[in-house]
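Q: Walk me through this model and tell me how each label is earned. Cut-offs first, please, then the verdicts.

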Amino acid sequence: MNRLAEILNKNILWSEAYEIHKETVRDFYRRAGVILKGSIELKPFDSKVLEMEKNLFSILFTAVIINLGINRELIPFYTLSVHCMRALVTGCDNILDDEYKEVIPFRFGENGKIMKSVFMIMTADRIISGLALEKYRDGAISYEKASNLSPSVIRVLSDSGTEENEEEGFRSQYDYPEPDIMIDNYLYRKTGTLFEAPVNLLTEMGEITSEEAETSRTMLSLFGIGCQLLDEIKDFREDILSGGPNMVASLMRHGKYSISKDGITDFAINTNTGAEREKAFNRARKECFKLASGYFLKAARLLPETVPGFTTHQFYALAGHIKQLILKDDDTTGDLF
């Protein structure tokens, strides 16, 4: 067990959530194998996918679900549904971003990406449908709830999907919006709603009321926006060259130096385009990083209600590790807190 796992597992709820999540991943793999049997072969299950560092968000979601006090017998049902949502989102992101992050370890097409992502989406959707039917037959949920699972998944993911569609549609056709607009219309809708999705699924399914979900939903959304702000720093050049929105660019555009859209593009292509642009970029990166820190701290204030017993030390370890995962060897931003 590494140092991060030692720190986080001292929280009883986190430790329980981690054990539940590991079983969820195993169940997901088993169900995918049953669905694909005779058509597409899977690689042998690799226990490395269960490592805590690869599942931090999922463990956090599971801890929040446990704390919300739903019927404990239904916790595996919802954690598996949430893991399927992860596969759906990852498959779509792979296609949109021309990349491949693996959730289902297909053996075929080692050099291909698109069709593996399509099969990932199809398989996850089939697991959701089969899970709902199975739980209805077992008497664990009503026919109404079983029928509502797939539509609920679509509803809770639709805001992020709609934002992605709009982003794709207006590439190269806009000037960078002001930072407040970026947070409300882009960062929240793109990532904040994805982090809310596990809790929103429970409300859609009638397990908890919207009022009961509010604090957990807010904490997860704030945490997700903090993560996305770090992504904005990492993806600056890629976002600009692809014509997409970016928070660092918005801060350059509307900050002290008011760099034009063309000036931002020129800087992304060649950073040696003038001292003023470089100053604007460095200032914007620092401001974006400071915003990320602020959103993480806002989320931390809600942790006592959403993940009881989670200490400041544990939170700093979690957020700091996520910062390291996203920004990697970039040591120019400093510490989050």
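A: Let's start with accessibility: a residue is buried under 20% relative accessible area, exposed over 50%, and partly exposed in between (1.4 Å probe, protein chains only). This is a predicted model, so local features need pLDDT of at least 70 and side-chain atom pairs count only at pLDDT 80 or more, while totals for chains, interfaces and linings use all residues. Numbering runs from 1 along each chain as its sequence is written, and side-chain values use heavy atoms, with hydrogens and water left out.

Q: Why does Ser258 count as partly exposed?
A: Ser258 has 45% relative accessibility, which falls between the two limits, so the label is partly exposed.

Q: What makes the phi of Ser258 worth a flag?
A: Its sign: phi is about 45°, a positive value, and Ser258 is not a glycine. Most residues other than glycine have a negative phi. Ser258 sits in the loop between α10 (247–254) and α11 (261–269). Helices here are DSSP runs of H or I with at least four residues, strands are runs of E with at least two, and both are numbered from the N terminus.

Q: Which phi value does Asp98 have, and where does Asp98 lie?
A: Phi of Asp98 is near 55°, again positive in a residue other than glycine, and Asp98 belongs to the loop between α4 and α5. At 55% relative accessibility, Asp98 is over the upper limit and therefore exposed.

Q: How many aromatic pairs are there, and what makes two rings a pair?
A: The structure has 16 aromatic pairs. Tyr136 and Tyr143 give one case: their ring centres are 5.5 Å apart and their planes meet at 70°, so the pair is edge-to-face. The rule takes rings of Phe, Tyr and Trp (its six-membered ring) with centres within 6.5 Å; planes under 30 degrees apart count as stacked, over 60 as edge-to-face, and the rest as tilted. Tyr136 is partly exposed at 37%, whereas Tyr143 reaches 56% and so counts as exposed.

Q: Why is the Phe236 and Phe281 pair called tilted?
A: The centres are 4.9 Å apart, which is within the pairing limit, and the planes are at 45°, neither stacked nor edge-to-face, so tilted is what remains. The pair links distant parts of the chain, with Phe236 in helix α9 (residues 236–241) and Phe281 in helix α12 (residues 275–301), 45 residues apart. Both Phe236 and Phe281 are buried.

Q: Which rings make up the cluster?
A: Ring pairs join Phe57, Phe61, Phe195, Phe223, Phe296, Phe315 and Tyr316.

Q: How do you know that Lys22 sits over the ring of Tyr18?
A: The charged end of Lys22 is 4.5 Å from the centre of the Tyr18 ring. The test asks for NZ of Lys or CZ of Arg within 6 Å of the ring centre and within 35 degrees of the ring normal. Lys116 lies over the face of Tyr100, also at 4.5 Å from the ring centre.

Q: What makes Glu6 and Arg3 a salt bridge?
A: Their closest approach, N to O, is 3.5 Å, and the limit is a side-chain nitrogen of Lys or Arg within 4 Å of a carboxyl oxygen of Asp or Glu, so the pair qualifies. Glu6 and Arg3 are three residues apart in helix α1 (residues 3–8), which means about one helical turn between them. The whole structure holds 22 salt bridges.

Q: What distance earns Arg107 and Glu41 the label, and where are they?
A: N to O is 3.2 Å in this salt bridge. The two residues come from distant parts of the chain: Arg107 is in the loop between α4 (75–97) and α5, and Glu41 is in the loop between α2 (12–36) and α3 (56–67), 66 residues apart.

Q: Which residues share a network of salt bridges?
A: Asp27, Arg30, Arg31 and Glu134 are linked that way.

Q: Why does Met182 count as buried?
A: Met182 has 1% relative accessibility, under the lower limit, so buried is the verdict. Met182 lies in helix α7 (residues 179–204). Met247 is 65 residues from Met182 in sequence, with C-alpha atoms 6.7 Å apart.
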